[in-house]
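Here's a quick briefing to read alongside the model. Pockets come up to begin with, then the surface, then charge pairs.

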Amino acid sequence: MTVKLNLSVDEEVAKEIKRYARRNNTSVSRIAEELFTQQISKENREQKSLNFFTKTCGIADTKVRDDVKDTLTKAIAEKHG
C-alpha cells in the first residue's frame with residue numbers, strides 16, 4: 001500500500017530532483033523511497049553492529065587483552081627498531 005507524503009524542499013532543489021528523475025526515467029517518489037530505504041537500512045546495520053559490540057565488549061579477560069597488546073607492541077618495536 002502506498003501513502004502520500006508531503007515534503008518541503010527548496011525550489012531549486014525541487015527542479016533539480018525533477019530533472020534528475022526525467023533523465024533517469026523514474027519518479028521523484030521512487031527516488032525518495034529508495035534514498036529513505038537506503039538510509040534506514042544503513043542505520044539499522046550500524047545499530048546492529050553497535051549492539052553486537054556493546055554485548056560482546058568485556059567478554060575477553062582483561063589480562064588476555066593486555067597480553068595481546070604487549071605482544072603486538074613488542075613485535076612492532078622489534079620489526080621497526
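## Pocket, patch and salt bridges

The largest pocket has 17 lining residues, and those nearest its centre are Leu5, Leu7, Val28, Ser29 and Ala32. Keep in mind that this is a predicted model. Two of those names, Leu5 and Leu7, turn up again in a nonpolar surface patch, and helix α1 holds a network of salt bridges that links Glu11, Glu12 and Lys15.

**The largest pocket**

- Its volume comes to about 600 Å³.
- Helices α1 (11-23) and α2 (28-56) each put at least two residues into the lining.
- The largest share is from α2, which gives seven residues.
- By type, the lining splits into 11 nonpolar, three polar and three charged residues.

**The nonpolar patch**

- Leu5, Leu7, Val9, Val13, Phe36 and Ile40 make up a nonpolar patch on the surface, and together they have about 600 Å² of accessible area.
- Val13 sits in helix α1.
- With a relative accessible area of 40%, Val13 is partly exposed, and patch members need over 30%.

**Salt bridges around Lys15**

- The model has five salt bridges in total, and here are some of them.
- Lys15 pairs with Glu11, with the closest N and O atoms 3.9 Å apart; the cut-off is 4 Å, so this pair falls within it.
- Lys15 and Glu11 are four residues apart in helix α1, so about one helical turn separates them.
- Lys15 also meets Glu12 in a salt bridge, at 3.5 Å from N to O.
- Glu12 and Lys15 are three residues apart in α1, which again means about one helical turn between them.
- Put together, Glu11, Glu12 and Lys15 form a linked network of salt bridges.
- How open are these side chains to the outside: buried, partly exposed or exposed? Glu11 is exposed at 57% relative accessible area, while Lys15 is partly exposed at 35% and Glu12 is partly exposed at 46%.

**The Glu16 and Arg19 pair**

- Glu16 forms a salt bridge with Arg19, and their closest N and O atoms are 2.3 Å apart.
- These two, Glu16 and Arg19, are three residues apart in helix α1, so they too are separated by about one helical turn.
- Glu16 is partly exposed, with 42% relative accessible area, and Arg19 is partly exposed as well, at 34%.
- As a general point, side chains of opposite charge can pair when their charged atoms come close.

Note on methods. Residues numbered from 1 in each chain as written. Predicted model: local features only at pLDDT ≥ 70, side-chain atom pairs only at ≥ 80, totals over all residues. Heavy atoms only, no water. 1 Å grid on protein atoms, 1.4 Å probe; cavity = no way out; pocket = protein on both sides within 12 Å on 5 of 7 lines; lining within 4 Å. Points joined across faces, edges and corners; volume = space filled by probe spheres on them. Nonpolar A, V, L, I, M, F, W, Y, C, P; charged D, E, K, R; others polar. Patch = residues over 30% accessible without salt bridge, like charges linked within 9 Å, V, L, I, M, F, W, Y side chains within 5 Å. Areas by Shrake-Rupley, 256 points an atom, 1.4 Å probe, with all protein chains shown as cover. Salt bridge = Lys/Arg side-chain N within 4 Å of Asp/Glu carboxyl O. Buried < 20%, exposed > 50% of the residue type's maximum accessible area, 1.4 Å probe, protein only.
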